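Hi everyone, thanks for making time for this. Please pull up the structure on your screens, and I'll walk you through a few places worth looking at.

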Amino acid sequence: RIMAGKVKWVTDIEKSVLINNFEKRGWIQVAENEDWNFYWMSVQTIRNVFSVETGYRLSDDQIVNHFPNHYELTRKDLMVKNIKRYRKELEKEGSPLAEKDENGKYIYLDFVPVTFMLPADYNLFVEEFRKNPSSTWIMKPCGKAQGKGIFLINKLSQIKKWSRDSKTSSFVSQSSKEAYVISLYINNPLLIGGKKFDLRLYVLVSTYRPLRCYMYKLGFCRFCTVKYTPSTSELDNMFVHLTNVAIQKHGDDYNHIHGGKWTVSNLRLYLESTRGKEVTNKLFDEIHWIIVQSLKAVAPVMNNDKHCFECYGYDIIIDDKLKPWLIEVNASPSLTSSTANDRILKYNLINDTLNIAVPNGEIPDCKWNKSPPKEVLGNYEVLYDEEMAQSDGSDRDLRSRSGQSSGVKGNRARDSGKPVLTTWK
């Protein structure tokens, strides 16, 4: 972490990358003579900075790279809870976004797999499981990353370590401290070369109220090293099911040159050539839609401190019907590089992020309107600007009664062949 006048390097951030970025802006010299104006902190440090007991008062020329309660989006259980609340609120308001089909499924807001919190929702989960006993579910600890503690089940008996208390008939976890989420496993993922993959996309939020966010163009796909099979005999083989590099790099078939990664632009080319351009455009519109709606879901509860910005790592899985699903959002996406291309991408990611957070490398000022000029965006593009959306007349009728822009789903005109601008962009 970087604290006033002293530098300690977080293990997942390459020292040379940050030094180069800071030197460009003159911040290395600033640090030698005065207090640091910029802080790159771990999530734990952020808790300390904004803690009631041990917290600090940041001055106007100090900015930090996390929001105080970022976990409302980045903890698996809280993300799902906030999205469920958001959907119910839109439903109560009679928003067209909360429209459901004849089976009671959301038409536009069905982008997270069916999920329950354990132990709290154990009985609800059992009820859902029994509706479709042949389904597969994935269990994840709420507060861990890099694939740690994840396992798949397809029988209730497989979670005996999460045993029932015979006297109280209530569900008790092995550790009362650790909560899990259990989600319906996407068992029909889109495969390329027979292998499962997911997307890691980077999204920068400069402010939540009004919401302003940026999409990074240089995301990538992470592939499994072993061909996918829905066979129940392979449920324990994480090289088949989990795309995390932290897991796949230990596989016998892991390639250290390309790291099992594809750029998003390569994925686009592949899909355009195999599925067509219109279908591919629709898929990426829907991915952008998912990201904006997930941010809107947490915006009302996020502590929108003026000193904060945040770069999130979004994990998206695409199924074989080209429907994207939001799996999780990471507060500290890994900035280590496993390949040469990785290093270039992440160097540019840090550079472009800092250029938006502190345009022109000037002394930070948390009071500025956080709307940087287009020329400093680099590989970022504006994904959603709430102020702009609210002033757009075509969006007026879809605003919720709370005054927030609800947005509309990105579509492409079928008859004209011309793209229709999505009003939430």
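Let me start with a question: which elements each supply at least two residues of the lining of the largest cavity? Those are strand 10 and helix 11, the helix that runs over 340–357. Before I go on, please keep in mind that this is a predicted model.

So, that cavity. A search of the whole structure turns up two cavities of 30 Å³ or more. The largest cavity comes out at about 120 Å³. Its lining is made of 13 residues, and the ones nearest the centre are S206, F309, A357, W368 and K370. By kind, the lining splits into nine nonpolar residues, two polar and two charged.

Okay, a quick step back to the whole chain. You're looking at 425 residues, and 51% of them count as buried. The chain has 12 helices and 16 strands. And if you take contacts between residues at least 6 apart in sequence, 68% of them join residues at least 24 apart.

Now for an open space. The second largest pocket holds about 870 Å³ of space. It's lined by 28 residues, with K105, D110, V112, P113 and V114 nearest its centre. The elements that put two or more residues into that lining are helix 5 (76–92), strand 5 (115–118) and helix 6 (122–131). Which of the elements gives the most to this lining? That's helix 6, with four residues. As for the make-up of the pocket lining, we have 13 charged residues, 10 nonpolar and five polar.

Since helix 6 has come up, let's stay there. Its buried residues are Y122, F125, V126 and F129. They sit on the same side of helix 6, because the arc they cover around the axis is only 100°. Turn to the face away from that buried side and you find E127 and K131, which are exposed. What covers the buried residues of helix 6? The cover includes strand 5, strand 6 (137–141), strand 7 (151–153) and strand 8.

Helix 9, at residues 264–274, is the next stop. Here V264, L267 and L271 are buried. Why do I put these on the same side of helix 9? Because they cover an arc of only 55° around the axis. On the other side of helix 9 you'll see L269 and S273, both exposed.

The buried residues of helix 9 have plenty of partners. They pack against strand 9 (191–192), strand 10 (195–208), strand 12, strand 13 (261–263), helix 10 (277–298) and strand 14 (310–318). After helix 9 comes G276, and its phi is positive, near 105°.

One of those helix 9 residues, L271, leads us to a loop residue. L190 is in the loop between strand 8 (180–184) and strand 9. Is L190 buried or exposed? With a relative accessible area of 5%, it is buried. Apart from its neighbours within four places in sequence, L190 is in contact with a whole set of residues, including L271, R275, K195, F197 and I318. L322 is also in contact with L190. Those two are 132 residues apart along the chain, yet their C-alpha atoms are separated by 7.1 Å.

Last stop: a charged group of side chains. Find R222, which is in strand 12, residues 220–223. R222 counts as buried because its relative accessibility is 7%, and the cut-off for buried is under 20%. Which side chains does R222 reach with polar contacts? One is the side chain of D198, at 2.7 Å. The other is the side chain of D315, at 3.4 Å.

D198 is worth a click too. You'll find D198 in strand 10, and this residue counts as buried as well, at 5% relative accessibility. So if you want one thing to rotate on your screen while we chat, try R222 and D198, with that 2.7 Å polar contact between their side chains.

That's my tour. Happy to go back to any of these spots.

Definitions and conventions
Residues are numbered from 1 along each chain as its sequence is written. This is a predicted model: local features need pLDDT of at least 70, side-chain atom pairs count only at pLDDT 80 or more; totals for chains, interfaces and linings use all residues. Side-chain values use heavy atoms; hydrogens and water are left out. On a 1 Å grid over the protein atoms alone, a cavity is a set of points where a 1.4 Å probe fits but cannot get out, and a pocket is an open set with protein on both sides within 12 Å along at least five of seven lines; lining residues have an atom within 4 Å of a point. Grid points are joined across faces, edges and corners, and a volume is the space filled by probe spheres set on the points. Ala, Val, Leu, Ile, Met, Phe, Trp, Tyr, Cys and Pro count as nonpolar, Asp, Glu, Lys and Arg as charged, and the others, Gly among them, as polar. Buried means under 20% relative accessible area, exposed over 50%, partly exposed in between (1.4 Å probe, protein chains only). A polar contact is a pair of N or O atoms within 3.5 Å; within protein, one must be able to donate a hydrogen and the other to accept it, and residues adjacent in sequence count only if both atoms are side-chain atoms. The arc is that of the directions from the helix axis to the C-beta atoms. Contact means heavy atoms within 4.5 Å.
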